[in-house]
Amino acid sequence: VQLQASGGGLVQAGGSLRLSCTASGTIFSINEMGWYRQAPGKQRELVADITSSRRTNYADSVKGRFTISRDNAKNTVYLQMNSLQPEDTAGYYCAAYVREAEWEDEHHYWGQGTLVTVSS
């Protein structure tokens, strides 16, 4: 299973970006999908996650500005980021709990990071 993230870039403060992450490979089902971020010198932190039934959870720092969504048919999770601030600058990583076959346990997979830079 591979997770391919895209959509990062450079944006001015107050701007918006939309990240996408698509899972591919041998997939029976995907439970939770999420976005994490890691700024230089800081630990990786949860930004938002979403279950297969679309229950969502957000870090306090992004509530009201970011929206996570998913398209189960496309095995894709999105992160719409509005009102971006310089403190949102980080590498953003997608993650997912994937079951590769009905009889197998879930495994946790990470995508490669996509860089988001917000200028002041």
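What percentage of the 120 residues in the protein chain is buried? I looked this up first, bearing in mind that I am working with a predicted model. Buried residues account for 39% of the chain.

**Entry: overall fold**

I went through the secondary structure next. I found 11 strands and zero helices in the protein chain. Read from the N terminus, the elements run β-β-β-β-β-β-β-β-β-β-β. I then checked the radius of gyration, which is 14 Å, close to the 14 Å that the globule rule gives for 120 residues, so the chain is as compact as a globular protein of that length. For the outline, I noted that the C-alpha atoms fill a box of roughly 50 × 25 × 25 Å along the principal axes.

**Entry: contacts, surface and charge**

I looked at how contacts are spread along the sequence. Taking contacts between residues at least 6 apart in sequence, I see that 54% join residues at least 24 apart. The exposed area of the protein chain comes to about 6,500 Å², and carbon and sulfur atoms supply 44% of that area. I also looked up the charges: there are 11 positive and 12 negative ones, and their mean positions lie 7 Å apart.

**Entry: Asp88**

Where is Asp88 found? I located Asp88 in the loop between β8 (76-81) and β9 (90-99). Is Asp88 buried or exposed? Its relative accessible area is 1%, and the cut-off for buried is under 20%, so Asp88 counts as buried. Which side chain does the side chain of Asp88 touch in a polar contact? I found Arg65 as the partner, at 2.7 Å. Arg65 also turns up in the wider contact list of Asp88. Leaving aside neighbours within four places in sequence, I noted Arg37, Phe66, Ser83, Val116 and Val118 among the other residues in contact with Asp88.

**Entry: Gly91**

I moved on to Gly91, which lies in strand β9. With a relative accessible area of 12%, Gly91 is under the 20% cut-off and therefore buried as well. I checked its spacing to Gln112, which is 21 residues away along the chain. The C-alpha atoms of Gly91 and Gln112 are separated by 9.2 Å. Which residues does Gly91 contact, leaving aside its neighbours within four places in sequence? I listed Tyr36, Arg37, Gln38, Thr114 and Leu115.

**Entry: looking across the two lists**

I went back over both sets of contacts with Arg37 in mind. Arg37 is in contact with Asp88, and Arg37 is in contact with Gly91 too.

How values were computed
Residues numbered from 1 in each chain as written. Predicted model: local features only at pLDDT ≥ 70, side-chain atom pairs only at ≥ 80, totals over all residues. Heavy atoms only, no water. Helix = DSSP H or I, 4+ residues; strand = E, 2+ residues; numbered from the N terminus. Rg over C-alpha atoms; globule rule 2.2 N^0.38 Å. Buried < 20%, exposed > 50% of the residue type's maximum accessible area, 1.4 Å probe, protein only. Contact = heavy atoms within 4.5 Å. Areas by Shrake-Rupley, 256 points an atom, 1.4 Å probe, with all protein chains shown as cover. Lys, Arg positive; Asp, Glu negative; His and termini not counted. Charge placed at Lys NZ, Arg CZ, Asp CG, Glu CD. Polar contact = N/O pair within 3.5 Å; in protein donor to acceptor, adjacent residues only side chain to side chain.
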